[in-house]
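Visitor: I have a structure open in front of me and don't know where to start. Can you walk me through how to read it?

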Amino acid sequence: MALEGKHSFGSIEDTRVTFVEKKVDENRKDFLKKLLEHNGFEVIVQEEKRPSEEEPQLYTVGVTDMVFNPTIWVFQRRLNTFDGRKVTQDYWNQETEDTHPQYWNNG
């Protein structure tokens, strides 16, 4: 799921959350949960309902911080990787482990 500018919030069970991403696979859920917890957020995960047992299990990931907006936090360079580097858009999207260049590819 690409970073979006809008702030999406609601509830997971009885807890108010800011939605980080919806309908993500288990690998993406684990990555986001670890990264956000590393940055001090309380993460809540909910399993999506599957139409059938053959369908893969998908998840909704949210944080209890109601002012958190992933787009703002990534582009303001407020999130850190596990080894202390700043999270970039490509890192957030799991396209690369490299955090340079920060927002664009110069060729």
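Guide: Sure! Let's begin with contact: two residues count as touching when heavy atoms lie within 4.5 Å. Keep in mind that this is a predicted model.

Visitor: Okay, so which residues does Trp92 touch?

Guide: Leaving out residues up to four places away in sequence, Trp92 touches Leu3, Val20, Glu21, Arg28, Phe31, Leu32, Leu35, Leu36, Pro70, Val74, Leu79 and Val87.

Visitor: Which residues have the most contacts inside the largest nonpolar core?

Guide: Trp92 is one of them, along with Val20, Leu36, Phe68 and Leu79. That core has 19 residues. Two or more residues each come from β2, α1 (26-38), β4 (59-63), α2 (70-75) and α3 (89-92). Helix α1 gives the largest share, four residues.

Visitor: Glu21 was on your list for Trp92. Is Glu21 buried or exposed?

Guide: Buried means under 20% relative accessible area. Glu21 has 2%, so it counts as buried. You'll find Glu21 in strand β2.

Visitor: And what does the side chain of Glu21 make polar contacts with?

Guide: One partner is the side chain of Arg28, at 2.6 Å. The side chain of Trp92 is another, at 3.4 Å.

Visitor: How does strand β2 pair with β1?

Guide: Look for bridges between strands. Here β1 (residues 9-12) and β2 (residues 15-24) run antiparallel, joined by four bridges. For example, Gly10 has Val17 in β2 as its bridge partner.

Visitor: What sits between the strands of that hairpin?

Guide: Two residues. In this hairpin, Glu13 takes a positive phi near 55°.

Notes
Residues numbered from 1 in each chain as written. Predicted model: local features only at pLDDT ≥ 70, side-chain atom pairs only at ≥ 80, totals over all residues. Heavy atoms only, no water. Pairing = 2+ DSSP bridges. Buried < 20%, exposed > 50% of the residue type's maximum accessible area, 1.4 Å probe, protein only. Polar contact = N/O pair within 3.5 Å; in protein donor to acceptor, adjacent residues only side chain to side chain. Core = buried A, V, L, I, M, F, W, Y, C linked by side-chain atoms within 4.5 Å.
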